[in-house]
Amino acid sequence: MTVRTPLTPFTVGRLARDLMARAGQPVPALRLYESLAALWMSACDAHLPGARHLRELACRAAGQLAAGEDTLTVPQYPRIPDRLMREETPVRLPASLAVQGVEWQDAITLARTWLTARGGSGPGPLLVAGVRTGGAYLAPLVAARLQAAGLDVAVASVRPGETLSVEGRRVLLVDDPPLTGRTLLRLVHDLPEPAEVLVPVFDTADVQPLREAGIAVTVLPREQWQSTLRLEPEALFAYLAARAEWQGAGRPAVLDGFVPKRENSVLVPWPGVRRRSPARAAVRLRTPDGGIRTAVVGWIPPGIFGDAARAAATALRSPLPPVTLAVAPALVVSEDLFPTAPLGPAPAPHHLEEAIDYVLARDEQLPMEPPGHGAPIPAVLDQVAKAITGSPSPAVAARLHHLLSALAPALPDHRCEAEKWVLDAAGRLRKTGHLTHAYRRDNELFTPLIDLAALAVAFGSGLHAVAESLTRRLPGSRNWYAALAVALLCYGTARGTQLPRTYNPKRAAETALEAYRLQRGMCEAAGLVQQILADTVAGRTVDAPRVVHRWARPPGALVQPRLPFGGTPAPEAGPGLSGPGTQTALTAVERWAEGRFHPVREDKALLLTPLDAPPAWPQAQNALEELGRLLPRPGLLAWCGVPVVLLSEAG
């Protein structure tokens, strides 16, 4: 039996100790820069006096990286604060560099664009302020390019609510690609003097609210990002020839061209690929024996944020994810699964079993080192414990954490939602998105239980089916149902926050189904966990908040599962739209929804998901009040992760 070397958790302390162990040694320039920048931001978040020194080290490394140096020497005495050396919380990941496809060269190009627009000069002393977390990784690189042009530049990081010491300098705010622009608007508003904004963008329309507010904005369109340019034919050919490590024996394959209509997904959008997903391209490869096969070239972070993806690409063996053909610092070449079909709303039971096999294979093949001594309870467990009990409770959070220890730590997939499961041309279950580095809050939980809980939603099976499968595979005295319930509450807390941010009206039906199933699953899980706590934690039988199964109105966004507590519960609706008039009423509801909502039948409810993007949801919610008045009885319209009309006895 092969003994796997456990992966190291990506924590602040691990990063700090690794840097100290390499003092005086040469390391890749990008790895040193990102490590120093991560420690600088951790020191800023903790308000440590060593933050200034770490900022200086990060800025020095940024200047050397921008000047073209590939290898740097770790400072002999990096003077990392002791608190960071002991800190076992996960490193905060920048959305841009970790998951969206932005690379360090893009910050240099962004600064060059700003300089070109001003004829190579600036308006006087500058303060390049990176918005933590993502913008603070880019700010020293922007500043390095401006300093190389002879400008007087200082560097800082900032979060909303913090005071930025400007000291008479013109402020250039640098951030991740904006989604709504609200954070940048607030920061500019709080500054004593006008500021400019420098950001990479997926679409120039993303910064329109900033420009309408009179803010000067410099953008780097996605077409000019390094991850996009690398997929140009000549650039990709040269990159693969120089940097790719081909898996298996034999000579490497050679790029033979692109698959028509599936070239660079940024320039030729692929069906089903999100607008904010990293670039990819389908290519033809000429194999050593002269044959031709198609493959997909996909982006992964080239620095420290891509370590987990590279580990999964090279170590994971399963019949479900695409086979890895080659790995390079910023790319993975994988088997092409095209064409595929969606998983569908009612997958076959054997597909759920195959998915569970996949998750358990990851558990075995990608083990993680257990948390170090003194590692804090993950913040999401504190959040869940507080919601379940009604007040902060370290003892309850510790109990929940213990339940999640039912399986050994491993690197989760973290992308087990239904859209990542497909059927190939032969009707076999396959898995996509398995290399994505965890970004949501559940990246603190290195347990496959997160993925197993997600399967209960994606396959519509509920927690019982997954728990029974685990009992058959892993017999013993474990209460898998309880462990999965805790995992689902953690997963749902993170996924629920993500759904409104990534909402795609073209996938409205699938999103409605996921939101509804996830909300119902969280309600079931919350009730079970409250019962367990009442039996095992003293003093938890009184004053526990009531589990809410349906709300009278959305307590959050219109489509957003949430922990099932608080808000205004919906009144009992009785038998729903039952009786002879059911079809007539249902037809009337569907006719009313035309052009406003997409109706989806699920179980004993009609789900209504908006046809427009989230900015239009307030108007959609107003329209729902009109629908409520048209229904034959009050309480038939409610909210359960998504607006629902009850069709029969409520479950």
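## Exercises on loops, a helix pair and inner spaces

His-414 sits in the loop between helix H15 (394-403) and strand S15 (421-423). Keep in mind that this is a predicted model. Let's start from that loop and work along to the spaces inside.

**Exercise 1. Find what is unusual about the backbone of His-414, and what its phi is.**

Solution. Step one is to place the residue: His-414 belongs to the loop between H15 and S15. Step two is to look at the backbone angle: phi is positive, about 65°, although His-414 is not a glycine.

**Exercise 2. Locate the cis peptide bonds that involve Thr-133 and Pro-339.**

Solution. Begin with Thr-133, in the loop between strand S3 (126-131) and helix H7 (134-148). Its cis bond is with Arg-132, and omega there is about 15°. Now go to Pro-339, found in the loop between strand S13 (331-335) and strand S14 (341-342). Here the cis bond runs from Phe-338 to Pro-339, with omega near 0°.

**Exercise 3. Describe how helices H13 and H17 cross, and which residues make the contact.**

Solution. First, take the geometry: the axes of H13 (residues 349-365) and H17 (residues 462-473) come within 11 Å and cross at roughly 60°. That angle makes H13 oblique to H17. The handedness of the crossing is right-handed.

Next, list the partners. H13 brings Leu-352, Glu-353, Ile-356, Asp-357 and Leu-360, while H17 brings Ala-465, Val-466, Ser-469, Leu-470, Arg-472 and Arg-473. Sorting the residues of this contact by class gives 6 nonpolar, 1 polar and 4 charged.

**Exercise 4. Work out how many cavities of 30 Å³ or more the structure holds, and what lines the largest cavity.**

Solution. The count is 2 cavities of 30 Å³ or more. The largest cavity holds about 70 Å³ of space. Around it you will find Leu-30, Tyr-33, Glu-34, Leu-97, Val-102, Glu-103, Trp-104, Pro-301, Pro-302, Gly-303 and Phe-305. H2 supplies the largest share of this lining, 3 residues. By class, the lining of the largest cavity has 8 nonpolar, 1 polar and 2 charged residues.

**Exercise 5. Identify the lining of the second largest cavity, and the element that gives the most to it.**

Solution. Start with the volume of the second largest cavity, about 50 Å³. Its lining is made of Ala-38, Met-41, Ser-42, Asp-45, Val-91, Arg-92, Thr-133 and Tyr-137. You have met Thr-133 already, in the cis bond with Arg-132. H2 gives the most to this lining, with 4 residues. The class split for the second largest cavity is 4 nonpolar, 2 polar and 2 charged.

**Exercise 6. Characterise the second largest pocket: what is its volume, and which residues are the closest to its centre?**

Solution. The volume of the second largest pocket is about 710 Å³. There are 35 lining residues, and the closest to the centre are Thr-8, Pro-9, Phe-10, Ile-304 and Asp-307. Then ask which elements take part: helix H1 (12-21), helix H2 (29-45) and helix H12 (307-315) each give two or more residues to the lining. H12 gives the most, with 5 residues. To finish, sort the pocket lining by class: 20 residues are nonpolar, 8 are polar and 7 are charged.

Note on methods: Residues numbered from 1 in each chain as written. Predicted model: local features only at pLDDT ≥ 70, side-chain atom pairs only at ≥ 80, totals over all residues. Heavy atoms only, no water. Axes fitted to C-alpha atoms, helices over the stretch in contact; angles between N-to-C directions. Parallel < 35°, antiparallel > 145°, perpendicular 65-115°, else oblique. Left-handed = near helix turned anticlockwise from the far one by under 90°. Contact = heavy atoms within 4.5 Å. Nonpolar A, V, L, I, M, F, W, Y, C, P; charged D, E, K, R; others polar. 1 Å grid on protein atoms, 1.4 Å probe; cavity = no way out; pocket = protein on both sides within 12 Å on 5 of 7 lines; lining within 4 Å. Points joined across faces, edges and corners; volume = space filled by probe spheres on them.
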